[in-house]
Amino acid sequence: MNIIPFPGDSSSLAPMMPHPKSKPDDEWLTGFVEEMQERNKSEDTIREYKRELKKFMEWVQTMPGGERGFYPALFTKTAAKEYFSELKKNGFSIQSQNKAKSALSMAIKYFAVQGDPLEVNPLDYIKIPAQAILQQKRLTKRQRFILKNLNDQYSGPREQAMFSLGMYAAFRVSEVADFRISKIQMSRTRMQVTIGVKNEQERTITLPPEARRAVEFYLYSDHPQARRQSKYAPDSDFVFLSQRGPQLTDNAVNRWFTSLLKKAPVDQYEEIKHISWHDLRHDTAHRLLDAGWSDSEIAIFMGHIRRDGSPSLQTTTRYTMPSAEDISARLLEFE
């Protein structure tokens, strides 16, 4: 029996054909990598820039006009402004925004080599504020209380586990998203995990008790929102699952953290609204220093590792650098 579809019925619409200038994302990324290799970029830079371009292309294809696939003409100043606005809104640090801008600047050069130069450089319209050297990273006791209290009140098992990894174990956002079941070793009283996305420098650490308990509850409890209740759990190696797929993305982690902050009462929100996920890492470093850890111990725990495997003390020093408020407080003690 033939049924004539009702006008406007989605079943009557022909599938949308790819744009003539679009190519599969993998093809763009392969060419991008080859172009960077021609320019003698380091392996670390190539890896990070490829990841940034991939995220941008995927975002563009969710916007009006991108339904037919990515092609350079979609990289307009409007698209650039909206993309970086979303990065900021989703809690990406100034450092992360600058990395994305550098990667996309390299991509514009690649498009030109491919015969698709942009008439106007959309990144000329993107202004990212400078990051102050003495920017405060140490949270106050009150700020920590507000964050922990919000997490207790509004987070399910998955979100509480993610929060604990940022607050107590100094996980980067990318490390939360890439955290894997196969990288966990359990004993009766300890949970050792191997993590490390940035520069592919893996590190193995023992989770602090607060983080261990939260991760264990998310993984193994019978709570309705625990990991084992997800339909993706049997086939995924990723610890944190999305409602739509087998892995939670970096963007999803940042969006959740930003939404958590906004649940605070107005007066409390004013105290925490500028805190990013990355600030949790800096605060962890300060607390470890206060607890008597050496710079080398902090560097290894935080994942500040050089290519030769030695701790990068220069990076750790930036993390534990005192704020202007810290210096002022010490001056009051000086006679």
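In strand 2 of this predicted model, Met191 is the bridge partner of Met186. This pair is a good place to start, since the strands around it lead on to the rest of the fold. Strand 1 (residues 184-186) and strand 2 run antiparallel and are joined by three bridges, and a hairpin of four residues connects the two. On strand 2, pairing also extends to strand 3 (residues 203-206), again in the antiparallel sense, over four bridges. Here Thr194 has Thr204 of strand 3 as its bridge partner. Four of the five residues of strand 2 are buried, so the strand is largely enclosed by the rest of the structure.

Strand 2 also takes part in the nonpolar interior. The largest nonpolar core has 47 residues, and those with the most contacts inside it are Phe171, Phe179, Leu207 and Phe240. Two or more residues of this core come from each of several elements, including strand 2 (191-195), helix 7 (173-178), helix 8 (209-220) and helix 12 (295-302). Leu207 gives a closer view of the packing: leaving aside neighbours within four places in sequence, its contacts are Leu165, Ala169, Phe171, Met191, Val193, Arg212 and Val215. Met191, the bridge partner of Met186, is thus met again among the contacts of Leu207. A second core, separate from this one, has 33 residues, among them Phe32, Leu74, Ala107 and Tyr110.

Helix 5 (141-154) is another contributor to the largest core. Its 14 residues should span 20 Å at 1.5 Å a residue, and this agrees with its end C-alpha atoms, which are 20 Å apart. The buried residues of helix 5 are Gln143, Arg144, Ile146, Leu147, Leu150 and Asn151. Viewed down the helix axis, these buried residues fall within an arc of 165 degrees, so they line one face of helix 5. In general, an α-helix has 3.6 residues a turn, so residues three or four places apart point the same way. The cover over the buried residues of helix 5 includes helix 6, helix 9, helix 10 (266-272) and helix 11. On the face turned away from the buried side, helix 5 carries the exposed residues Lys141, Phe145, Asp152 and Gln153.

Two loop residues stand out for their backbone angles. Most residues other than glycine have a negative phi. Asn40, however, has a positive phi near 60 degrees, and Ala170, also not a glycine, has a positive phi of about 60 degrees. Asn40 sits in the loop between helix 1 (25-38) and helix 2 (43-60), whereas Ala170 belongs to the loop between helix 6 and helix 7. Their surroundings contrast as well: with a relative accessible area of 69%, Asn40 is exposed, while Ala170, at 0% relative accessibility, counts as buried.

Elsewhere, Thr78 is part of helix 3 (residues 77-89). At 57% relative accessibility, Thr78 counts as exposed. Thr78 and Tyr125 are 47 residues apart along the chain, and their C-alpha atoms are separated by 9.1 Å.

A word on confidence completes the description. The chain averages a pLDDT of 86, and 83% of the residues score at least 70. Over residues 1-13, pLDDT stays under 50, and the model has three contacts beyond four places in sequence for this stretch. Where pLDDT is low, the predicted coordinates should not be read in detail.

Definitions and conventions. Residues numbered from 1 in each chain as written. Predicted model: local features only at pLDDT ≥ 70, side-chain atom pairs only at ≥ 80, totals over all residues. Heavy atoms only, no water. Core = buried A, V, L, I, M, F, W, Y, C linked by side-chain atoms within 4.5 Å. Buried < 20%, exposed > 50% of the residue type's maximum accessible area, 1.4 Å probe, protein only. Contact = heavy atoms within 4.5 Å. Pairing = 2+ DSSP bridges. pLDDT = per-residue confidence, 0-100. Expected span 1.5 Å × (residues − 1). Arc of directions from axis to C-beta.
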